[in-house]
Amino acid sequence: MSDRLLKPQVSKVLGWLALASLVVLALFGLWGAPPDAVQGDAQRLMYLHVPAAWIAYLAFGVTALGSALWLWPRTRATVWDRLAGASAELGVIFTALTLVLGSLWGRPVWGVWWVWDARLVTTAVLFFLYLGYLALRRIPSSPEARAKRCAIAALIAFVDVPIVHFSVNWWRTLHQQGTVFNAKLDAEIHGVMAFTLWFGVLAFTVLYVYLLDRRYRLLALDEDREDREVQQAIAERVGAVTP
Amino acid sequence: MNFAEYVITGWVLTGVVLGGYWLWIVQRTKRAERSRGPE
């Protein structure tokens with residue numbers, strides 16, 4: 001069973017590619033793109049806020065997929081449980097970033113750090129649902145039992161993802177409706193601003209794939225160490241009782 | 001704070017969070033590989 005998702009050389013290239021694309025994103029996001037006609041410079045947070053939200057959706061989607069593949073008897077394998085765990089952790093980090101960046105953007109534009117708006121509340125619920133999922137993964141038990149209960153929890157938690165996305169359509173919210181993935185599928189952003197936004201999505205996606213591979217590898221190493229410790233403890237116990 | 005300060009705070013915070021997480025993974029992976037020995 002492989003303890004890596006990608007070959008080490010591919011992972012290294014992805015790491016450098018992620019770093020380079022984030023530098024380019026910073027150049028465009030902070031200087032290259034013009035300030036917004038209404039919001040001015042505050043809108044530059046969009047180039048991080050939207051990609052972070054996209055990665056949160058993607059990460060929780062991968063967690064749900066990995067969980068479903070683990071639950072399906074024909075495809076059940078440790079790789080899917082690890083993939084789900086690694087991706088959920090990334091999803092929590094990017095959801096936290098989405099919330100904090102949204103708050104930093106909301107303060108100058110809306111005049112408040114937080115408002116009990118459907119989009120904000122459902123996103124906060126998403127954050128706490130997957131924080132609970134990560135806590136569930138840490139409860140000591142057999143790998144099989146842990147994987148099963150975590151897979152079920154991940155699939156239940158994923159129900160909130162479409163609720164977050166469509167909350168701006170289903171309820172009247174202070175949060176604006178989708179700029180790119182709106183009901184008409186007509187992007188309301190053009191030129192350098194559109195390029196910077198799409199580049200941000202691409203840069204964050206490369207970073208996500210790289211970090212997912214690294215986190216998966218770390219999970220595999222941790223599981224291997226736990227196995228060795230258990231084997232050693234058993235060997236010591238057997239040695240202690242054998243005359 | 002003016003608009004630019006919110007923007008700079010957001011960008012720096014993102015860099016610190018993602019960079020910190022990246023370094024944490026790399027450091028912990030190196031430690032775990034060392035404790036396992038050569039493959």
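Okay, let's start inside chain A, with helix 5: its buried residues are Ala147(A), Cys150(A), Ala151(A), Ala153(A), Ala154(A), Ala157(A) and Phe158(A). Bear in mind that this is a predicted model.

So what do those buried residues of helix 5 pack against? They sit against helix 2 (46-71), helix 3, helix 4 (118-137) and helix 6 (160-170), all in chain A.

I also checked the length of helix 5. It has 16 residues, 143-158, and at 1.5 Å a residue that should come to a span of 22 Å. The end C-alpha atoms are 22 Å apart, so the expected span and the model agree.

Now let's step back to chain A as a whole. You've got seven helices and zero strands, so to speak a plain α-α-α-α-α-α-α along the sequence. The C-alpha trace spans about 85 × 40 × 35 Å along its principal axes. Of the 243 residues in chain A, 39% are buried. And if you take the contacts in chain A with a separation of 6 or more, 78% of them are between residues 24 or more positions apart.

Right, on to the partner. How many residues does each chain put into the contact? Chain A gives 25 residues and chain B gives 20. On the chain A side, the elements giving two or more residues are helix 1 (8-32), helix 3 (78-110) and helix 7 (191-241). Helix 7 gives the most, with 10 residues. As for what that side of chain A is made of, it's 15 nonpolar residues, one polar and nine charged.

That's my bit, thanks.

Key
Residues are numbered from 1 along each chain as its sequence is written. Chains are lettered from A and ligands numbered from 1 in the order in which they are written. This is a predicted model: local features need pLDDT of at least 70, side-chain atom pairs count only at pLDDT 80 or more; totals for chains, interfaces and linings use all residues. Two residues are in contact if their C-beta atoms, placed from the backbone, lie within 7 Å. Helices (H or I, at least four residues) and strands (E, at least two) are DSSP runs, numbered from the N terminus. Ala, Val, Leu, Ile, Met, Phe, Trp, Tyr, Cys and Pro count as nonpolar, Asp, Glu, Lys and Arg as charged, and the others, Gly among them, as polar. The expected span of a helix is 1.5 Å times one less than its number of residues. A residue is buried if 20 or more other C-beta atoms lie within 10 Å of its own, exposed if 12 or fewer, and partly exposed in between; C-beta atoms are placed from the backbone.
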